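Me: I'd like to go through the reasoning behind some labels on a structure. Could you take my questions in turn?

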Amino acid sequence: METDKELMNNVKVTWRCPSNIAIVKYWGKKGIQIPCNSSLSLTLSNSFTEVEAQLSDKTTDEAVQLSYFFEGAVNEKFGQRVAKFLEDNREFFPFIAEKAITINSSNSFPHSAGIASSASAFGAISLALLDISYSMEGKEKDEAFYREASNLARLGSGSASRSMYPAFAQWGENDKIQHSSNQYAIEITDIHPTFRNMKDAILIIEDEPKKVSSSVGHSLMNNHPYAENRFKQANERTAELVNILKTGDMEAFIHMCESEALTLHAMMMTSMDYYLLVKPGTITAIEKLMEFRKENNIPVCFTLDAGPNVHVLYPKAYEKQVEAFINNGLRDTYKKVIFDQEGNGPTKLNS
Ligand code: PMV
């Protein structure tokens, strides 16, 4: 019979964690990954990271012995970031002093798609390693497990905290939202049928790597002339969005979603070290989409992440008309399109 310790030697778990797109944006952080304002996002389905984590005996005396592979090849740069994340948060991993960790990671979306992968990657890494810790300690993987995984994922990438739940997730302390926390995200469950089955078509306008990292972007909010007003606005909007999702007010959703996207980019353009991430294709796509909405009276809107790509959001009930428009009317604006939709949160792929 193998002892528990021997069993843990060969332990191998695989988790799939989706990416998410913020409707109310997190931009600006303080202390140890504490957001300056609360945010609320839609969890995706087809854009995900899969992480297989395996333990073995250590062969070196490094504090953290990690081999990190991305799509079959050693990825030194991201591996170093993950090793630092593990070292900084070693209290979550009782095995880290004795065990070497091998992580094999892959994304469902093409490497050069220009989709931010840190949310799904840190989400999946956190779930896989915390799963091992919970198993070692004989702990139930209940609601508290996902809350702790959200906390841990936040320490790797703030937006990753929101990938732990189906559909809509909120992160950041907010007076008006019960149980909201800076440490972890929570699921927003009171959703009107209007916002069930939302679709997100991601128009890849440019697929170059990010010009300015998220960390640098967040830090530029530190001495930003509009920071305080922005943080206040985002907190108010997060609470307002919870209500919009509950009452099914599509018009208010569209207005908030688009204004948030433009406000995020306005913050970048007005920081002391200003920069511009939108491209001509971004603007053409946005203008055409607004025209299409006006002419056809179809509830479709856009949002942006920290890059030039355009996320087109619409209810599933309108997919035929909107997707015909994306495939024809918008075709000149993007390199490729990824059709995604509201997802059910992370899943474990082996037992
Ligand atoms: O999770 P980070 O540190 O990469 O920050 C992401 C910030 C935005 O994607 C621009 C907005 C958000 O709330 O996801």
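What follows is a short exchange about the ligand site and the cysteines of this predicted model.

Me: How do you know that Ser214 makes a polar contact with the ligand?
Reply: An N or O atom in the Ser214 side chain is 2.7 Å from an oxygen atom of the ligand. The cut-off for such a pair is 3.5 Å, so this counts as a polar contact.

Me: And what makes the Gly158 pair a polar contact?
Reply: Here a polar backbone atom of Gly158 is 3.4 Å from a ligand oxygen. That value is within 3.5 Å, so the pair qualifies. As for the ligand itself, the protein covers 93% of the 390 Å² of accessible area it has on its own.

Me: Which residues come nearest to the ligand, and how is the shell made up by class?
Reply: Ser157, Ser159, Arg162, Ser214 and Asp305 come nearest, out of 14 residues around the ligand. The shell has five nonpolar, six polar and three charged residues.

Me: Now the cysteines. Why is Cys301 said to be in no disulfide?
Reply: The nearest cysteine sulfur belongs to Cys257 and is 3.9 Å away. A disulfide needs the two sulfur atoms within 2.5 Å, so Cys301 has no partner. The count by this rule is zero disulfides.

Me: Why is Cys36 called buried?
Reply: Its relative accessible area is 17%. Buried means under 20%, so Cys36 gets that label.

Me: What makes Cys301 buried?
Reply: Cys301 has 2% relative accessibility, which is under 20%, so Cys301 counts as buried.

Terms used. Residues numbered from 1 in each chain as written. Predicted model: local features only at pLDDT ≥ 70, side-chain atom pairs only at ≥ 80, totals over all residues. Heavy atoms only, no water. Near = heavy atom within 4 Å. Polar contact = N/O pair within 3.5 Å; in protein donor to acceptor, adjacent residues only side chain to side chain. Areas by Shrake-Rupley, 256 points an atom, 1.4 Å probe, with all protein chains shown as cover. Nonpolar A, V, L, I, M, F, W, Y, C, P; charged D, E, K, R; others polar. Buried < 20%, exposed > 50% of the residue type's maximum accessible area, 1.4 Å probe, protein only.
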